[in-house]
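Work through the exercises below with the sequence and the 3D structure at hand. Each task is followed by a solution in steps.

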Amino acid sequence: MLKPIVRPTVRLGNIFKKMSTLPPNQSIEGPAITSIKAKIEQKFPTATHIAIFNDSHKHMGHEGVALSLNKSESHIRIELVAGEFEGMKLPMRHRMIYKLISEEMDQYHIHAVQLKIKTPQEAVK
């Protein structure tokens, strides 16, 4: 089973204390996440941390998921640390990511995306 991409190019210590990880048996990497991962890697080649998680299993009992066209990749979480976010406010960073993955959200009927987007300086705080 494929694991989320984590590319630590800088030793950042405990920068993601509040960020959780999924056990490998709860991570499902399908076509939506594969496509999103490729786009993020291409757009942010110098990122010091990229992790994409499938949190769909956490929402299986919810009515929205039961009625959804996509039950296996309905909820994703993206953690990203990249210098490209320097000088950008959080809403602008989120808009940048949503614009980047908008095709996948439409094509694969992704219901929710949680973003944890930081600059390298913010990540070490």
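**Exercise 1: Charged pairs**

Arg 77 and Glu 79 are both buried, where buried means under 20% relative accessible area, exposed over 50%, and partly exposed in between (1.4 Å probe, protein chains only). This is a predicted model, in which local features need pLDDT of at least 70 and side-chain atom pairs count only at pLDDT 80 or more, while totals for chains, interfaces and linings use all residues. Residues are numbered from 1 along each chain as its sequence is written, and side-chain values use heavy atoms, with hydrogens and water left out.

Task: Find which side chains meet in salt bridges, and state where the partners lie.

Solution.

Step 1. Apply the criterion: a side-chain nitrogen of Lys or Arg within 4 Å of a carboxyl oxygen of Asp or Glu. Searching the whole structure gives four salt bridges.

Step 2. Begin with the buried pair. The side chains of Arg 77 and Glu 79 form a salt bridge, at 3.2 Å from N to O.

Step 3. Go on to Arg 93, whose salt bridge with Glu 122 has its closest N and O atoms 2.7 Å apart. Arg 93 belongs to helix α3 and Glu 122 to helix α5 (residues 120-123), so the pair ties together parts 29 residues apart in sequence. Helices (H or I, at least four residues) and strands (E, at least two) are DSSP runs, numbered from the N terminus. Arg 93 is buried, with a relative accessible area of 6%, whereas Glu 122 is partly exposed at 29%. Elsewhere, salt bridges with shared partners join Lys 39, Glu 103 and Glu 104 into one network.

Step 4. Within that network, Glu 104 and Lys 39 meet at 3.2 Å, N to O. Glu 104 is in helix α4 and Lys 39 in helix α1 (residues 31-43), so this pair links distant parts of the chain, 65 residues apart. Glu 104 is buried at 3% relative accessibility, and Lys 39 is partly exposed at 21%.

**Exercise 2: The sheet**

Task: In what order do the strands of the open sheet lie, and which helices pack on the sheet?

Solution.

Step 1. Three strands form the open sheet, in the order β1-β2-β3 with mixed pairing; two strands pair if DSSP finds at least two bridges between them. The edge strands, β1 (49-54) and β3, each pair on one side only.

Step 2. Strand β2 (residues 75-81) runs parallel to β3, and seven bridges join the two. His 75 stands opposite Ala 112 in β3.

Step 3. Add the helices. Helix α1 lies across β1 and β2, at about 165° to β1. Helix α3 packs on the sheet and touches β2 and β3, its direction making about 125° with that of β3. Axes are lines fitted to C-alpha atoms, for helices over the stretch in contact, and angles run from 0 to 180 degrees between N-to-C directions; contact means heavy atoms within 4.5 Å.

**Exercise 3: Confidence**

Task: Where is confidence lowest, and where highest?

Solution.

Step 1. Start with the mean pLDDT (the predictor's confidence in each residue, from 0 to 100). The protein has a mean of 79, and 65% of its residues reach 70 or more.

Step 2. Confidence is lowest in helix α2 (residues 63-66), with a mean of 60, and highest in helix α3 (residues 90-100), with 98.

Step 3. Coordinates should not be read in detail where pLDDT is low.
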